[in-house]
Amino acid sequence: MIYRSYGRTGKQVSVIGFGGMRFEAIDDEEACVEMLVHAAERGINYFDTAPKYFGVKSEERFGAALRQLRRRDLPYYVSSKTFEASEKGIRNEIEQQLKRLDVETIDFYHAWCITDLESWRRRKARGLLDAFQRLRDEKLIGHICVSSHLIGDDIRELLDEGVFEGVLFGYSAYNFRTREAAFDAIRRRSIGCVVMNPLGGGLIPQNPDLFAFLSGEDNRSDDGARGQTIVQAALRFLVAHRDIAVTLVGFGNRKHIDEAVDAVEKFEALSSAELDQIKQSAAASFEGICTGCRYCLGECPEEIRIPQLMDAYNQLILRDEKEMISRLKDHWDVPMDEAARCVECGRCEDACTQHLSIIERLAKIAATGERNASTTS
Ligand code: SF4
Ligand code: SF4
């Protein structure tokens, strides 16, 4: 395992972190705990969860595993988050989190999921920063961090608040161009940087040929370019970035942990020239991809299944119309005319972490549906 400094905190963190949002068997406590312990045995010391991952079960599994890590003297740092903004709300939340995690301090505590600067300003106005500072003084949290879905200059503006010791944001081989501005502030302010969603919500492993550029080769062999899997190539791309302290991987099972740790241990680091070459090769069309984060879920007054429809639209961007139609019909079982129910209220676009033009995309899907219906009738 490789360890890097987390900003100016003096903490050394593993370049691969355990993201607690994708357990395949969350109801099997023993299996979850075994995974977390296995990760620690393989050198992972950064463990990230949140109060709404599987309800509160992810934090509970973490709590059970951390007890074991302490018994076995395996080192760890724990990270969690809150949507709350008022001191009262945050204190209520953290009291429960500390109990579930069974720790006295949450090492890295995040103001969770900032999707636009306006909502950040509202949270700040409700006293979030003062509350976080008091929690840090009381040693209930170790460091003040923020988790962001901002893109472009907005993320730089957020980090230039100057109060954050760490940041967590989505960054991967398909969307790196829209997030590069963050690194300017990260370097200037020595902020600890953790990236999430390194596989684009499954998009990269599902489309290995399209992401063959990650290997620095034009074609990918059946067993993966350069003997590595596409997942490993995607992780190496991130580990090669020296400003990134931790790449969080949402592990579903033990095999995923081994694959990620092997990616770091078995392969030589990419040079900066190789990294630049890969970036230049990345197709511009990969930007604007739905990551399947599902933050739009529950927003739609028409109950349109937006994540499924936007996932299918990814196929239109990355492949062709036929693939989009097949994805909706065979994978999701969502009829294309569902897209036509959109009344353009805009709520989903406000919630979308990737700032996608969902309304426009739905109109295109609806038009495709109509065209197909008329040609088949
Ligand atoms: S803009 Fe359309 S899809 Fe989005 S929430 Fe409103 S009705 Fe639903
Ligand atoms: S449409 Fe946006 S918010 Fe919804 S799943 Fe896709 S990226 Fe996430």
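The lining of the largest cavity in this predicted model splits by class into 10 nonpolar, one polar and four charged residues. Here Ala, Val, Leu, Ile, Met, Phe, Trp, Tyr, Cys and Pro count as nonpolar, Asp, Glu, Lys and Arg as charged, and the others, Gly among them, as polar. A cavity, on a 1 Å grid over the protein atoms alone, is a set of points where a 1.4 Å probe fits but cannot get out; lining residues have an atom within 4 Å of a point. Two cavities of 30 Å³ or more turn up by this rule. About 90 Å³ is the volume of the largest one, a volume being the space filled by probe spheres set on the points, with grid points joined across faces, edges and corners. Its lining takes in 15 residues, and Cys 300, Ile 306, Cys 342, Cys 345 and Cys 348 sit closest to the centre. Two elements, α15 (347–351) and α16 (358–376), give two or more residues each to this lining. Helices (H or I, at least four residues) and strands (E, at least two) are DSSP runs, numbered from the N terminus.

The second largest cavity comes to about 80 Å³. Among its 13 lining residues, Cys 290, Cys 293, Cys 296, Cys 352 and Leu 356 are the closest to the centre. By class, that lining has eight nonpolar, four polar and one charged residue.

Then there is the largest pocket, with about 1200 Å³ of space. A pocket is an open set of points with protein on both sides within 12 Å along at least five of seven lines. Its lining runs to 46 residues, with Met 21, Arg 22, Gly 201, Thr 291 and Gly 292 nearest the centre. At least two lining residues apiece come from α9 (203–206), β10 (246–250), α11, α13 (306–318) and α14 (321–332); α13 has the largest share, at four residues. Sorted by class, the pocket lining holds 22 nonpolar, 17 polar and seven charged residues.

Some of these helices also pack against one another. Two packed helices are described by the angle between their axes and the distance between the axes. The axes are lines fitted to C-alpha atoms, for helices over the stretch in contact, and angles run from 0 to 180 degrees between N-to-C directions. Angles under 35 degrees count as roughly parallel, over 145 as roughly antiparallel, 65 to 115 as roughly perpendicular and the rest as oblique.

The axes of α13 and α14 come within 7 Å and cross at roughly 150°, which means that α13 is roughly antiparallel to α14. Their crossing is right-handed; that is, the near helix is turned clockwise from the far one by less than a right angle, while anticlockwise would be left-handed. On the α13 side, Gln 308, Leu 309, Asp 311, Ala 312, Tyr 313, Gln 315 and Leu 316 meet Glu 321, Glu 323, Met 324, Arg 327, Leu 328 and Trp 332 of α14, where contact means heavy atoms within 4.5 Å. Seven nonpolar, two polar and four charged residues make up this contact.

Helix α11 (residues 254–265) has two partners to look at here, starting with α1 (residues 29–41): this pair packs at about 15°, with axes 9 Å apart. The two are therefore roughly parallel. Glu 34, Met 35, His 38 and Ala 39 of α1 touch Arg 254, Ile 257 and Asp 258 of α11.

With helix α10 (residues 230–239), the axis of α11 comes within 9 Å and the crossing is at roughly 55°, so α10 and α11 are oblique to each other. The α10 residues in this contact are Val 231, Gln 232, Leu 235, Arg 236 and Val 239, and those of α11 are Glu 259, Ala 260, Asp 262, Ala 263 and Val 264.

Residues are numbered from 1 along each chain as its sequence is written, and chains are lettered from A and ligands numbered from 1 in the order in which they are written. In this predicted model, local features need pLDDT of at least 70, side-chain atom pairs count only at pLDDT 80 or more, and totals for chains, interfaces and linings use all residues, while side-chain values use heavy atoms, with hydrogens and water left out.
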